[in-house]
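Colleague: Can we go through this one together? I would like to begin with the ligand and then move on to the secondary structure.

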Amino acid sequence: MSVRTRADLASLPSYVPGRTIPGAIKLASNEVSAGPLPSVVKAIAEAATAVNRYPDNGCTELTGRIADKLGVPVDHVALGCGSVTLCQQLVQATCTENDEVLFAWRSFEAYPIVTHVSGAKQIRVPLTDEHVHDLDAMAAAITPNTRMVFVCNPNNPTGTALRTEEIEAFIAKVPRDVLVVLDEAYKEFVDDAHVPDGVELAKQQWAAGHDNVAVLRTFSKAYGLAGLRVGYAVAQPAVADALRKVYVPFSVNAIAQVAAMASLDAEDELMARCRAIVAERTRVRGELLAMGFDVPETQANFVWLPLGERTAAFNEHCLAHKVIVRAFVGEGARVTIGEPEENEAFLAAARSFTS
Ligand code: PMP
């Protein structure tokens with residue numbers, strides 16, 4: 001007799017991480033290409049001497065630092081082992097079987113997975129033809145079973161971003177017992193003043209008595225700590241408490257906590273890096289447009305090429321040029337903005353793509 005695992009998992013697609021191929025340029029996972037700052041490496045090395053001890057389960061010091069930075073009380077912040085884990089915790093905190101989680105599609109690949117694994121039902125609402133969240137259709141898709149809505153802003157993989165008034169108008173239509181989660185994994189790359197800072201928007205909503213808004217942020221992207229797995233949610237205390245209830249003990253490790261604090265200490269330098277990436281983003285998009293590619297305006301550290309049926313061929317062509325992009329076969333390719341020379345290698349590959 002063999003062990004009986006959940007039958008429904010057989011049909012669940014696994015999360016597909018970006019590929020790594022020795023010698024190739026990886027522009028597939030929206031990472032920052034520059035390595036960690038020396039000050040962060042030093043803090044990591046120091047923390048490594050104490051790994052015989054469990055980490056601080058409450059991430060007390062880091063929580064305090066984040067709360068201070070954002071101007072919210074500490075009970076509004078919950079840490080997680082990367083914001084993807086917080087996505088799962090949010091579903092677990094709000095849904096029981098057959099409750100619904102609503103999100104745009106295409107959006108972050110983990111939303112369907114964490115929803116399904118948690119026993120909830122996913123409701124996907126297609127993006128508009130302009131690759132943007134269709135907030136009217138999303139509001140119309142809310143049912144009495146809806147418990148949570150993910151709004152990925154800027155959206156992965158399209159890079160498109162919603163404006164303040166669009167999000168506010170959407171929240172006004174959502175019942176107050178349904179949690180709206182603004183996933184801001186790419187927030188630090190936003191340079192359009194019309195795109196809100198989700199935490200500031202949430203504060204205004206809370207002040208107006210709308211407690212059902214939460215924000216997700218991560219140290220994986222702009223802060224360059226993808227390998228250490230640390231992210232956070234900013235929410236009303238009842239939601240943050242629920243996140244702590246479903247937190248797997250000690251999941252944010254000691255080195256991640258220390259590295260996140262060292263990164264907050266080095267924030268000016270890290271944000272300067274983000275601005276350089278944003279300048280490269282403008283250049284790369286401009287060149288791609290000049291080559292004749294359709295590239296929606298992006299506010300993240302990647303560009304989206306909606307190549308449809310040509311996606312697989314584009315992917316193979318880039319691989320042949322030793323550039324790894326992220327292909328969603330039949331839909332498009334997402335390409336991370338890297339260092340200038342990495343972007344040049346990608347642009348050279350794109351220029352010679354003819355099919
Ligand atoms: N949200 C979005 C929109 C993302 O693209 C990602 C990473 N790809 C995450 C959350 C999760 O990031 P992490 O778990 O590394 O914090």
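Colleague: Which residues around the ligand come nearest?

Modeller: This is a predicted model. In it, 13 residues surround the ligand, and those that come nearest are Gly82, Val84, Ala185, Thr218 and Ser220.

Colleague: And what is the shell around the ligand like by class?

Modeller: Seven of its residues are polar, five are nonpolar and one is charged.

Colleague: Now helix α3. How many of its residues are buried?

Modeller: 11 of the 12, so to speak of α3 as mostly covered is fair. Among the buried residues are Ser83, Val84, Thr85 and Leu86, and Val84 is also one of those that come nearest to the ligand.

Colleague: What about the other end of α3, which residues are buried there?

Modeller: Ala93 and Thr94 are among the buried ones, as are Leu90 and Val91.

Colleague: Why does the span of α3 agree with what it should be?

Modeller: Helix α3 covers residues 83-94, and at 1.5 Å a residue its 12 residues should span 16 Å. Its end C-alpha atoms are 16 Å apart, so the two agree.

Colleague: Changing topic: what is the strand order in the open sheet of three strands?

Modeller: The order is β9-β12-β11, and the pairing is antiparallel. β9 (302-305) and β11 (326-328) are the edge strands, each pairing on one side only. On average, neighbouring strands of this sheet are turned by 15 degrees against each other, direction ignored.

Colleague: Over how many bridges do β11 and β12 pair?

Modeller: Three, in the antiparallel sense, with β12 being residues 332-336.

Colleague: And which residue in β12 does Ala327 stand opposite?

Modeller: Ala327 stands opposite Ala333.

Terms used:
Residues are numbered from 1 along each chain as its sequence is written. This is a predicted model: local features need pLDDT of at least 70, side-chain atom pairs count only at pLDDT 80 or more; totals for chains, interfaces and linings use all residues. A residue is near a molecule or strand if its C-beta atom, placed from the backbone, lies within 6 Å of it. Ala, Val, Leu, Ile, Met, Phe, Trp, Tyr, Cys and Pro count as nonpolar, Asp, Glu, Lys and Arg as charged, and the others, Gly among them, as polar. Helices (H or I, at least four residues) and strands (E, at least two) are DSSP runs, numbered from the N terminus. The expected span of a helix is 1.5 Å times one less than its number of residues. A residue is buried if 20 or more other C-beta atoms lie within 10 Å of its own, exposed if 12 or fewer, and partly exposed in between; C-beta atoms are placed from the backbone. Two strands pair if DSSP finds at least two bridges between them. Axes are lines fitted to C-alpha atoms, for helices over the stretch in contact, and angles run from 0 to 180 degrees between N-to-C directions.
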